[in-house]
Amino acid sequence: VVEFDVKWLSGFFDGEGSIGVYARNSDKKKTIKYFVLVVSLAQSGNIGKIIVEKLKEVFGGTVYINKSSRGKVQWKWNISADKAVVFLEYVLPHLQIKGVEATLALDFQELNNKRFDNDLATQYANQIKQCKVNY
């Protein structure tokens with residue numbers, strides 16, 4: 001069984017992964033919106049597929065094929081909410097680039113109210129989005 005070295009995985013995620021808090025609809029009328037924490041990582045090729053499949057095996061989540069705008073096939077791993085917390089807590093001590101973003105995401109996930117109309121949830125979503133602009 002292949003295991004991830006935490007320092008390697010943290011560096012790999014720093015360069016290739018993403019963290020986001022995204023608005024979602026909770027009913028068919030699309031009237032009640034809430035935020036959800038999503039962590040993802042996409043890779044191409046056979047080695048990339050092996051990496052994301054192993055991430056799924058170790059941390060959970062889903063893996064699917066994602067075609068880029070240039071038609072390149074990528075394997076994308078997504079994990080959300082509390083499962084994302086487990087992953088972020090694992091890599092956080094060694095993150096060099098996404099440390100602030102990960103900390104904000106962990107704080108967001110602790111909120112009891114993640115509804116779209118919660119100002120604090122909205123602030124976290126915007127702060128995490130702003131982190132991406134800064135690197």
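A residue counts as buried when its relative accessible area is under 20%. Keep that cut-off in mind, and keep in mind that this is a predicted model.

Start with helix α4, which spans residues 99-109. This helix is mostly covered, with eight of its 11 residues buried. The buried set runs from Gly 99 through Glu 101, Ala 102, Leu 104, Ala 105, Leu 106 and Phe 108 to Gln 109. What lies over them? The cover includes two strands, β1 (17-25) and β2 (33-43). It also includes two helices, α3 (81-91) and α5 (119-133).

Turn next to α3. Its buried residues are Ala 84, Val 85, Phe 87, Leu 88 and Val 91. Helices α1, α2 and α4 are among the elements that cover them. So are the strands β1, β2 and β4. The cover of α3 thus includes α4, and the cover of α4 includes α3.

Leu 88 shows how these parts meet. Leaving aside residues up to four places away in sequence, Leu 88 touches Phe 13, Ile 19, Leu 37 and Val 39. It also touches Ala 102, Ala 105 and Leu 106. Those last three are buried residues of α4.

Now widen the view to the core. In soluble globular proteins, nonpolar side chains tend to be buried together. Here the largest nonpolar core has 35 residues. Which residues have the most contacts inside it? They are Ile 19, Leu 37, Val 39, Leu 55, Trp 77, Phe 87 and Leu 88. The elements giving two or more residues to this core include the helices α1 (6-16), α2 (45-59), α3, α4 and α5. The strands β1, β2 and β4 (73-80) do so too.

The largest pocket comes next. About 150 Å³ of space lies in it. Its lining has 13 residues. Nearest the centre are Val 21, Tyr 22, Ala 125, Asn 126 and Lys 129. Two elements, β1 and α5, give two or more residues to this lining. Helix α5 gives the most, with six residues. By type, the lining divides into eight nonpolar, three polar and two charged residues.

Charged side chains also pair up elsewhere. The count comes to two salt bridges. One joins Lys 54 and Glu 57, at 3.1 Å from N to O. Both residues lie in helix α2, three residues apart, about one turn of the helix. Are these two partners buried or exposed? Lys 54 has a relative accessible area of 9%, so it is buried. Glu 57 has a relative accessible area of 57%, so it is exposed.

The other salt bridge links Asp 117 with Arg 115. Their closest N and O atoms are 3.3 Å apart. Asp 117 is exposed, because its relative accessible area is 53%. Arg 115 counts as partly exposed, at 36% relative accessibility.

One backbone detail remains. Most residues other than glycine have a negative phi. Ala 81 is not a glycine, yet its phi is positive, about 55°. Where does Ala 81 lie? Its place is in helix α3, the helix that spans residues 81-91. Ala 81 is partly exposed, because its relative accessible area is 24%.

Technical notes
Residues numbered from 1 in each chain as written. Predicted model: local features only at pLDDT ≥ 70, side-chain atom pairs only at ≥ 80, totals over all residues. Heavy atoms only, no water. Buried < 20%, exposed > 50% of the residue type's maximum accessible area, 1.4 Å probe, protein only. Helix = DSSP H or I, 4+ residues; strand = E, 2+ residues; numbered from the N terminus. Contact = heavy atoms within 4.5 Å. Core = buried A, V, L, I, M, F, W, Y, C linked by side-chain atoms within 4.5 Å. 1 Å grid on protein atoms, 1.4 Å probe; cavity = no way out; pocket = protein on both sides within 12 Å on 5 of 7 lines; lining within 4 Å. Points joined across faces, edges and corners; volume = space filled by probe spheres on them. Nonpolar A, V, L, I, M, F, W, Y, C, P; charged D, E, K, R; others polar. Salt bridge = Lys/Arg side-chain N within 4 Å of Asp/Glu carboxyl O.
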